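Here is a quick walk through a structure for anyone who would rather look at parts than scroll through coordinates. Have the viewer open and follow along.

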Amino acid sequence: MKMCVRAWVSVVLAGLVAGVAGAQVQGGMASAQSATTTPGVKVGQAAQPAVAGLMPTADDLLRGGYGPYRANNDLLFYHLTLRVDPVAKTIAGTNVVRFRMLEDGRKIQLELTPALTLESIKFEGKDLRYTREERTLFVEFPRLLKRGEVDEVAVAYSGQPVTQGRFGCFSFDKDKEGKPWITTACEGDGASVWWPNKDQWRDEPQDGMEIDVAVPDGLMDVSNGRFVASRDLGDGYTQWQWRVHYPINNYDVALNIGEYQHWDGVHVNKDSGEKTTLDYYALPEDLAKAKVQFAQVPEMLDAYEHYFGEYPFDKDGYKLIEVPYAGMEHQTAVAYGNHFENGYYGRDWTGVGISPKFDFIIIHESGHEWFGNSITAADKSDMWIHEGWTTYMEGLYVEYRWDKTDGIKYLNGLKPKIRNRQAIITARGTNTEPTEDQYFKDALMLNTLRSVIDDDAKWFADIHEFYQHFKYQNIMTEDVVAWWNERTGMDLTPFFSEYLRHAAIPVLELRFDRAKGTVAYRWNADEADFAMPIKMGERGHLTLVKPVTMEWQTMPWTKDPDTLDVPVDLYYVGEKTVEEKP
Ligand SMILES: [Zn+2]
C-alpha cells in the first residue's frame, strides 16, 4: 500500500460518525452513479443522475468499508496473468496477491464479482477455504499468519465478464474493420468486476504489479507500466508482459487490446532535464489524426511539471491509448476517446471560447497522474482530491499556455455546471461517489483559495509543495486541510468545510447606509466560523475586508451601491444586498 498519512483507526471513527450522519442526511448515494473520471457530456444528459433515497447496498458497505480482514494486511504486489478470448468473450487467469500481515490473523478479505467463476484460491500449494458475501471473499488460512510475515495467495478464475456502467467496465468492442477492440474502465463499478483483488482505495500494492495478458496473435495488449516483452505461446496466442513499478489504484489497472499502431517520443523536463518516455497507441484507421492530436502531450507535461514537479511515473513512462469511450486516467496508460477533436467531443466545454484550443481529455485525464494516481484519496467519499484538483489543473494549463486572465475565465465557465444541492464529501466507508460538483465547485474553491492567499508567487510555491509533500500517498480531506493550515498559518478549516461539507456556497451580505456613507458586510455561511477575507469595493482599487458570519462590519462607501464590485470570478461566493431594517 502507499503510505497512509493518518492511522486507519482515526478515520474509521470519523467514518462511523460521518457515515451514519451522512447516510441519513443524504439518503446515501450508493453506487447509482457510474464512473465519472470525466463528467458526463451528452447533450440533454443530466449532470447529476437522481440518486436520492438510495441507501448503500450490502456490497457497497463491504467494498466501501475497511474492515478487520482488510486492515490486518498490507498489499505488496499483484501478479495478474490473464488470457482473453475475443470470440467466446471469455477471460481466464490468476492473480497472485502478495501481502504483509500487520497483525496475527487467519483470514483476509478480497473481492471478485460472483458473475465470474472462482476456480480456486491456493496458498503454499493447497486449496484455501473461503466464504462469499456479495462480491467479497473471506479467505481462511489453515494456520495463523503472524504479524510481519509476507504471504501470497493465488486466485484462479474464469468466465464471461459483464459489460456494465458508463464506460463498460470490460467491453468486447470491434474497430471499424471488425477486428476485436477490448478495453476496461471500472472506476465506479470496481476492479473486481474483472479481476480478483483487494477492491478498495486505501491500500495499493507498494511494489507495483505485473500484468501478463495473452491475446490472439496479431492483436496487442497495452496495459499499465513498462513494456517488458511479448512472447509467442505457440497456440495462436501471444502474451504481452507489463511491469508496474509504483503503487497503483486497482481501478487504474487496464487492458487495451486491439490492432494498435505504436509510435513514441521522449519528453525532457525543462527544469530538471529528467526524461519521460512517451508511447502512443491508435488504431490503424485513426493513425494520422492521432499523430496530430497527441502532439498536445509534451506541452501538457511542460505545464504540469512547471506547477507540480516531475512526471510521477518515469520508470513506467507515459502512454496515451485510443479507446472506444471518452477517457480514463489509467496510471501511465491514459485512455483516450475524444474523437481527435479539441474541447470535449468537439464542444466548447466551459463555453467561454477557450476549451476549443485544446483537447479536454488529454489535458484532464493526464492531470490525474499527479492528482488521483500519485496522490490518491483513501476513501471514495473524498474523491474531490482527484477531480477537484485535476479540474483546477485544467485552468492552470490554460494559464501556462495563454495567460492568467484566460485561466480564470476558463474556470469560471464551469459555474453553470454546479448544482450546490448537496455536500461534496459523502458518507465514508459506503463506496459512495460524490456528485459532479466535485469537479467544478472544487476547482472554483481552489481558485478562491488562491485569492485568499493573495500572492501568486506564494500560491504557486504552495501548490508545488503541497503536491510534493503528499505524492505517492493515500490521503483524506483532513490531511489536506491540516497541511494548508500549517503552511499558511491561517485557520482554513472553516473555509474547506464550507465548500466541501455543505451544499450552499457562502454569500456576502451587504447593507448600504447612504446617510452615513457606509456599507456593512458579513458572511451568510453554514460554518459559523467562516471568516474568509475578501476584496471588494472600487473596481481596480479593491479593499481587503475580513467579514465574519454574525457581526456586521462597515467601510466607507459614498458611491452608488450598484458600483461596488465583489470580484466573484476570483472568489466563488454569492453576494446579496440586504435591505435596511425598517
Ligand atoms: Zn477526472
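The cover over the buried residues of α12 includes α7 (384-401), α9 (437-453) and α11 (477-488). This is a predicted model, so keep that in mind as you look around. Helix α12 itself covers residues 493-500, and six of its eight residues are buried, so the rest of the structure largely encloses it. Which residues of α12 are the buried ones? They are Pro-494, Phe-495, Phe-496, Glu-498, Tyr-499 and Leu-500.

Next, a single tryptophan. Trp-459 sits in helix α10, which spans residues 456-470. Is Trp-459 buried or exposed? Neither, quite: Trp-459 has 16 C-beta neighbours inside 10 Å, so it counts as partly exposed; being buried would take 20 or more. Leaving out residues up to four places away in sequence, Trp-459 touches Arg-450 and Ile-453. Thr-488 is 29 residues away from Trp-459 in sequence, and the C-alpha to C-alpha distance between the two is 10.0 Å.

Zooming out, the domain assignment splits the protein chain as follows.

| Domain | Residues |
|---|---|
| domain 1 | 1-64 + 338-503 |
| domain 2 | 66-259 |
| domain 3 | 507-577 |

How many residues of domain 1 are in contact with domain 2? There are 24, and they meet 28 residues of domain 2. On the domain 1 side, α1 (8-26), α2 (58-64) and β21 (376-377) each bring at least two residues to the contact. The largest share of that side comes from α2, with four residues. Sorted by class, the side of domain 1 that touches domain 2 has ten nonpolar, eight polar and six charged residues.

Finally, a small sheet. Three strands make up an open sheet, ordered β3-β7-β6, with antiparallel pairing. β3 (105-111) and β6 (129-133) are the edge strands, and each has a single partner, so one side of each has no neighbour in the sheet. Ignoring direction, neighbouring strands here are turned by 25 degrees against each other on average. As background, strands of a sheet pair through backbone hydrogen bonds, either parallel or antiparallel. For the pair β3 and β7 (residues 136-145), there are six bridges and the strands run antiparallel. To find the register in your viewer, start from Ile-108, whose bridge partner in β7 is Val-139.

Definitions and conventions. Residues numbered from 1 in each chain as written. Predicted model: local features only at pLDDT ≥ 70, side-chain atom pairs only at ≥ 80, totals over all residues. Pairing = 2+ DSSP bridges. Axes fitted to C-alpha atoms, helices over the stretch in contact; angles between N-to-C directions. Buried ≥ 20, exposed ≤ 12 C-beta atoms within 10 Å, placed from the backbone. Contact = placed C-beta atoms within 7 Å. Domains from an automatic or database assignment. Nonpolar A, V, L, I, M, F, W, Y, C, P; charged D, E, K, R; others polar.
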